[in-house]
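Reader: I am new to this structure. Please choose one stretch of the chain, look at it closely, and then follow its contacts outwards.

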Amino acid sequence: MAADLTGRVAVVTGASRGIGLAAATALHAAGGTVVLTARTGEAAAAAAASVGPRALGIGAHVADADAARACIDRVLAEFGRIDVLVNNAGTNPAHGPVLRQDHARFAKTMEVNLWAPILWTRLAVDAWMGAHGGAVVNTASTGGLAVAHDIGVYNVSKAALIHLTRQLAIELAPAVRVNAVAPGVVRTRLSEALWREQPGPVTDRTPLGRLGEPADVGTAIAFLASPDASWITGETIVVDGGQTIGSGAAAERLSVRA
Ligand SMILES: NC(=O)c1ccc[n+]([C@@H]2O[C@H](COP(=O)([O-])OP(=O)(O)OC[C@H]3O[C@@H](n4cnc5c(N)ncnc54)[C@H](OP(=O)(O)O)[C@@H]3O)[C@@H](O)[C@H]2O)c1
């Protein structure tokens with residue numbers, strides 16, 4: 001049975017494109033009313049228009065506390081509730097070895113990827129979820145589960161987000177469930193450098209043999225947000241076509257093909 005979110009209201013941060021837009025689309029398809037955020041109101045509104053009739057776009061830099069509060073206040077004023085929060089907006093400005101990053105890039109990564117989920121969750125809990133229940137889904141990354149060269153600061157932020165998911169799950173239970181998805185390489189603007197010119201190296205180490213598409217992750221987010229996941233909390237679902245488990249399986253598949 002598909003996730004049913006009829007009558008529920010969901011907020012998805014960073015939803016003008018990519019995984020956030022796919023999550024908003026899946027939540028809307030499940031019957032929910034969806035609020036999509038992005039840094040500009042124009043981008044958020046355009047994305048909302050593409051999702052459907054029960055979608056609203058609001059501009060809010062995810063780490064701007066005043067903008068976040070204004071967004072949550074507006075959601076409550078317009079829809080009277082907030083049942084689902086998807087902390088999806090993420091950034092990766094710090095490339096290269098961790099010891100060579102400046103403080104500004106480190107701080108921006110942590111502010112957007114780690115602090116913002118705390119900020120938005122607090123606002124949603126205080127405004128509605130603490131008293132009425134709800135579900136939070138964080139977009140982490142398989143980078144939070146394994147080390148890799150060149151994206152160390154980003155991966156540290158996502159590892160911390162996975163742990164934050166567990167921490168908030170116990171702090172907010174039983175009213176609010178808190179879970180995460182950990183996508184592998186998905187075809188979006190953020191990961192473009194990994195697949196635009198040569199998708200081969202990624203697909204070759206993916207047992208399921210293709211790049212991820214935003215909808216692969218969006219449907220997992222909608223599941224975790226829905227009553228179908230009502231006994232799941234503190235969990236991180238890996239959505240990666242087997243990339244994390246799978247170089248051996250991928251190699252075998254290649255040799256079978258050869
Ligand atoms: N793609 C992958 O392979 C992959 C893998 C693992 C995890 N992830 C995670 O998935 C999440 C979504 O990334 P994506 O791949 O879908 O990237 P994307 O296509 O570049 O989308 C990023 C979204 O976040 C918004 N955004 C960026 N900075 C923001 C900010 N400061 N405040 C509010 N919104 C902001 C962007 O909107 P505007 O530019 O319009 O503001 C856009 O809607 C991120 O948390 C990322 O770390 C991605």
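Author: Helices and strands here are DSSP runs, at least four residues for a helix and at least two for a strand, numbered from the N terminus. The model is a predicted one. With those terms, the stretch to look at is the loop between strand 5 (134-139) and helix 5, where Asp-150 is placed.

Asp-150 has a phi near 75°, which is positive although the residue is not a glycine. Most residues other than glycine have a negative phi, and most peptide bonds are trans. Asp-150 has a relative accessible area of 48%. Buried means under 20% and exposed means over 50%, so a value of 48% makes Asp-150 partly exposed.

Beyond helix 5 (152-172) comes another loop, which leads to strand 6 (176-183) and holds Pro-174. The peptide bond that joins Ala-173 to Pro-174 is cis, its omega being near 0°.

Before the Asp-150 loop, strand 5 contains Asn-138. Because its relative accessibility is 1%, Asn-138 counts as buried. The Asn-138 side chain makes a polar contact of 2.9 Å with the side chain of Asn-87, and another, of 3.0 Å, with the side chain of Thr-165. Leaving aside neighbours within four places in sequence, the residues in contact with Asn-138 include Pro-117, Leu-161, Val-178 and Asn-179, as well as Ala-180 and Val-181.

Ala-180 and Val-181 lead on to Thr-236, since both are also among its contacts outside four places in sequence, together with Ile-162 and Ala-182. Thr-236 is found in strand 7 (residues 236-239). A relative accessibility of 15% is the reason Thr-236 counts as buried.

A second path goes through the loop between strand 4 (84-87) and helix 4 (103-132), where Thr-91 has its place. Thr-91 is buried because its relative accessible area is 16%. Apart from neighbours within four places in sequence, Thr-91 is in contact with Lys-108, Thr-109, Val-112 and Asn-113, and also with Tyr-154 and Leu-190. Ala-131 is 40 residues from Thr-91 along the chain, and their C-alpha atoms are separated by 32 Å.

Tyr-154 brings the account to the ligand. Of the 28 residues that surround the ligand, Tyr-154 is one of the closest, along with Ser-16, Arg-39, Asn-88 and Thr-188. An N or O atom in the side chain of Arg-39 is 2.8 Å from an oxygen atom of the ligand. The backbone takes part too: an N or O backbone atom of Val-186 lies 2.8 Å from a ligand oxygen, and one of Val-62 lies 2.9 Å from a ligand nitrogen.

Next to Val-186 in number is Arg-187, which lies over the face of Trp-195, 5.6 Å from the ring centre. As for rings paired with each other, the structure holds zero aromatic pairs.

One helix remains for comparison. In helix 2 (residues 41-51), the buried residues are Ala-44, Ala-47, Ala-48 and Val-51. Seen down the helix axis they fall within an arc of 100°, so they line one face of helix 2. These buried residues pack against helix 1 (18-29), strand 2 (33-38) and strand 3 (55-59), while Glu-42, Ala-49 and Ser-50 on the other side are exposed. Just after helix 2, Gly-52 takes a positive phi of about 150°.

Definitions and conventions:
Residues numbered from 1 in each chain as written. Predicted model: local features only at pLDDT ≥ 70, side-chain atom pairs only at ≥ 80, totals over all residues. Heavy atoms only, no water. Buried < 20%, exposed > 50% of the residue type's maximum accessible area, 1.4 Å probe, protein only. Contact = heavy atoms within 4.5 Å. Arc of directions from axis to C-beta. Phe/Tyr/Trp six-rings, centres within 6.5 Å; stacked < 30°, edge-to-face > 60°. Lys NZ or Arg CZ within 6 Å of the ring centre and 35° of its normal. Near = heavy atom within 4 Å. Polar contact = N/O pair within 3.5 Å; in protein donor to acceptor, adjacent residues only side chain to side chain.
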